[in-house]
Amino acid sequence: MKTTDPSGVAKSHVRANPQGGRQRLLAVQVLRAVGALLVAWVHAINAAEDALLGTPKQAHFFHWEDFGASGLDIFFVISGFIVSLVAARAASEDRELRGANARQFLSRRITRIFPLFWILTALSFVRVLLAHPEHTTKISWLPTLLLFPSISYPPGIPLLYLGWSLVFEMYFYFALAAFLYLTPRSVIRNTVLLLSGMVALGLAIDIRRPLLIFWMNPMVLEFVLGCVIGLLFARVSKSEGSFSKLGIVLAWVGALSLAATVFTGYGMASEARSIVAGEDCWLRVGVWGVPSALLVGGVIFWGPAMRSLPARIMVFLGDASYSIYLCTIPTLGAIKSVWHHFGNPGPDVGVFMGILGCAGTGVTCYLLLERPLMRFFHNWYKPIPFQGIAGKS
């Protein structure tokens, strides 16, 4: 009987080595934690500056200030890998079954994304309504409620700010669901071709117009890179050889390439509004998307053991990464309003407090909201990974 991880991936996906397959999934969860904490970090730096604590010293370290935005690129590649494999395993040639499978796949993705997003959006709306009611007239409702691209240019951003990335996610999910029904045997390949073809078409026309700005945005190539990793992984998992050494090399090349951008710079590629306006997208895919794919693919083929307590804590934070990600901006907004009660802790201490606050709020949200929602919609349960580790040698 197969069980699934929070993203719906079968844990028994490597038949020859189920334990090795589990380690790969746990390692991916660690990368999800890294991605979420990087995003929290970049916004904590901005929050410290906005709260007039001063400019953190770390913000003066070459291009470190906005580097944390690269955590989102890691997320996109991981999503491309995991969700494409979920779709491939749901494929069926039987016309009746494939229709049911496509509906089930899409309903699981929708119930995975929207309930928590809507709850946090509602809380954000109440906060705006009470503090700045005049701002409610400026809300872009299509992305805010449906995670659908706005029909204006420049495109609107969801009220829950980091939800802009989920607009890309939903586009990817709908493409997979369509091919899961139309061509289930080639669901990943055809999704790759569609997304790549739309981006190529965008090179020939002006994508800076409503809807096309998302559907032809080069950022979707990061999902494509994750899909390609999934296709390679499916082949490799059937072979007898070990690819762990190659995985280690690829992971280090990806990590070092990402880190190198702290020193080389990345222009305005870190700015969300630049990306959704169709600017600096190719730069971002090049400087962060490709290295993220090397890092994620390397870790997947490496499959490092996740047995230590720190590793298991990171796995747990990876499980809670969606909550941490969505709670980042609301949490930092609340922290900014109470920082003055601590005197002036200094900007760098403020950044550290902000990251801890985002992680703590996200974990709380995960335990009280996200996990119960997952149980309700998916009949899903996953134990906390570091339970009982204290008694192990």
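This passage describes the nonpolar cores, selected helices and local backbone features of a predicted model.

The largest nonpolar core comprises 109 residues, and Trp164 and Leu326 have the most contacts inside it. Helix α5 (residues 164-182) supplies the largest share of this core, 13 residues. Apart from this core lies another, of 5 residues, including Leu26, Met306, Ala311 and Val315. When neighbours within four places in sequence are left aside, Leu326 is in contact with Leu116, Phe117, Leu120, Leu160 and Leu166.

Ser124 belongs to helix α3 (residues 95-131). Its relative accessible area is 6%, which is under the 20% cut-off, so Ser124 counts as buried. Beyond neighbours within four places in sequence, the contacts of Ser124 are with Leu159, Leu160 and Pro330. Leu160 is thus listed among the contacts of Ser124 and among those of Leu326.

Helix α2 (residues 71-89) has 19 residues, which at 1.5 Å a residue should span 27 Å; the C-alpha atoms at its ends are 27 Å apart, in agreement with this value. Of the 19 residues of α2, 17 are buried, and the helix is mostly covered.

Two backbone features occur in the loop between α4 (141-146) and α5. Tyr153 and Pro154 are joined by a cis peptide bond, with omega about 0°; Pro154 lies in this loop. Leu147, also in the loop between α4 and α5, has a positive phi, near 55°, although the residue is not glycine. The relative accessibility of Leu147 is 3%, so this residue counts as buried. A positive phi, about 70°, is also found at Leu211, again not a glycine. Leu211 is located in the loop between α6 (187-204) and α7 (212-215).

Conventions. Residues are numbered from 1 along each chain as its sequence is written. This is a predicted model: local features need pLDDT of at least 70, side-chain atom pairs count only at pLDDT 80 or more; totals for chains, interfaces and linings use all residues. Side-chain values use heavy atoms; hydrogens and water are left out. A nonpolar core is a set of buried Ala, Val, Leu, Ile, Met, Phe, Trp, Tyr and Cys residues joined through side-chain atoms within 4.5 Å. Buried means under 20% relative accessible area, exposed over 50%, partly exposed in between (1.4 Å probe, protein chains only). Helices (H or I, at least four residues) and strands (E, at least two) are DSSP runs, numbered from the N terminus. Contact means heavy atoms within 4.5 Å. The expected span of a helix is 1.5 Å times one less than its number of residues.
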